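Trainee: Hi, have you got a few minutes to go through this one with me? I'd like to talk about helices, pockets and cores.

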Amino acid sequence: MSSTTIERVETPRTVCERIRVEHVPELLEMLRDPRVAEYIWPVAGVPSERSVYEATADKERHWEQHGFGLWVQRDRETGELVGRGGLQWTHVAGRDAVEVAWAVTPERWGEGLATELARASVDTAFGPLGLDEIIAFTLPHNIASRRVMEKTGFELQEEIRHGSLPHVLYRLQAPGR
């Protein structure tokens, strides 16, 4: 399956589209919110506009290199940006792996949008991409993300250090593997 078939993914309440640098103005508000930055940039605090731009440009290059990556997540009815997430290669716990990542605007926390995004990511990983395994990780105190991981079938594997901070690492194997 070509990458263009996974550039737009729909969930029950949202539409996810391939992330691009032109999304930065919309992403800034969410990613620079201290409640979100606490989990995404825990050492640096609130990221600069330049940091968000550079990180988004990296995400766009990931798509070009690997044929998959992160999406921006929009409310299906309003078109409003409600999150960002998807699949990306990362290096964690001493190895390269495909990570499922997500972030949701704080105003929409508790609505299950992260779980919808995580499920779409799992379906894409094990469907069109044919991956054998995916991971997810977070800070130990990020209970909401840990619940998303558990609801989507991930199993806690180990405590690790990532970016000089303690994290918990979860894994999910493709069905039948």
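Trainee: Which residues are buried in α5?

Mentor: Happy to help, and keep in mind that this is a predicted model. In α5 the buried residues are Ser145, Arg146, Val148 and Met149.

Trainee: Why are those four on the same side of α5?

Mentor: Because they cover an arc of only 155° around the axis, they end up on the same side of α5. In general, an α-helix has 3.6 residues a turn, so residues three or four places apart point the same way.

Trainee: And which residues are exposed on the other side of α5?

Mentor: Ile143 and Ala144 are exposed there.

Trainee: What covers the buried residues of α5?

Mentor: The cover includes the strands β5, β6, β7 (155-162) and β8, along with α4.

Trainee: What follows α5?

Mentor: Gly153 comes after α5, and its phi is positive, near 100°.

Trainee: Let's switch to pockets. How much space lies in the largest pocket?

Mentor: The largest pocket holds about 1,200 Å³ of space. It is lined by 46 residues, and Tyr39, Ile40, Arg84, Ala101 and Trp102 are the closest to its centre.

Trainee: Which elements give two or more residues to that lining?

Mentor: On the helix side, α2 (34-40), α3 (49-66), α4 (113-126) and α5 (143-151) do. The strands are β4 (81-92), β5 (95-104), β6 (133-138) and β8 (165-173).

Trainee: How do the lining residues of the largest pocket divide into nonpolar, polar and charged?

Mentor: There are 24 nonpolar residues, 14 polar ones and eight charged ones.

Trainee: What about the second largest pocket, how much space lies in it?

Mentor: About 170 Å³. Its lining has six charged residues, three nonpolar and one polar. Helix α1 (residues 24-31) provides the largest share, three residues.

Trainee: Which residues line the second largest pocket?

Mentor: Glu26, Glu29, Met30 and Asp33 are among them, as are Glu80 and Leu81. The lining also includes Thr105, Pro106, Glu107 and Arg108.

Trainee: Where is Thr105 found, and is Thr105 buried or exposed?

Mentor: Thr105 sits in the loop between β5 and α4. With a relative accessible area of 11%, Thr105 is buried, because buried means under 20%. Leaving out residues up to four places away in sequence, Thr105 touches Met30, Leu81 and Val82. Met30 and Leu81 also line the second largest pocket.

Trainee: Back to Trp102. Which residues have the most contacts inside the largest nonpolar core?

Mentor: Trp102 is one of them, together with Ile134 and Phe154, in a core of 44 residues. Helix α4 gives the most to this core, with eight residues.

Trainee: What is Trp102 in contact with, leaving aside its neighbours within four places in sequence?

Mentor: Its contacts include Ser145, Val148 and Met149, which are buried residues of α5. Trp102 is also in contact with Arg84, Gly85, Ala114, Leu117, Ala118 and Ala136. Apart from the largest core lies another, of six residues, among them Val92, Ile135, Phe137 and Leu169.

Trainee: One more residue: where is Ala120 found?

Mentor: Ala120 is in helix α4. Its relative accessibility is 7%, so Ala120 counts as buried.

Trainee: What does Ala120 touch, not counting residues up to four places away in sequence?

Mentor: Ala120 touches Val9, Thr11 and Trp71. As for Ile135, 15 residues apart from Ala120 along the chain, their C-alpha atoms are separated by 14 Å.

Terms used
Residues are numbered from 1 along each chain as its sequence is written. This is a predicted model: local features need pLDDT of at least 70, side-chain atom pairs count only at pLDDT 80 or more; totals for chains, interfaces and linings use all residues. Side-chain values use heavy atoms; hydrogens and water are left out. On a 1 Å grid over the protein atoms alone, a cavity is a set of points where a 1.4 Å probe fits but cannot get out, and a pocket is an open set with protein on both sides within 12 Å along at least five of seven lines; lining residues have an atom within 4 Å of a point. Grid points are joined across faces, edges and corners, and a volume is the space filled by probe spheres set on the points. Ala, Val, Leu, Ile, Met, Phe, Trp, Tyr, Cys and Pro count as nonpolar, Asp, Glu, Lys and Arg as charged, and the others, Gly among them, as polar. Buried means under 20% relative accessible area, exposed over 50%, partly exposed in between (1.4 Å probe, protein chains only). The arc is that of the directions from the helix axis to the C-beta atoms. Contact means heavy atoms within 4.5 Å. A nonpolar core is a set of buried Ala, Val, Leu, Ile, Met, Phe, Trp, Tyr and Cys residues joined through side-chain atoms within 4.5 Å.
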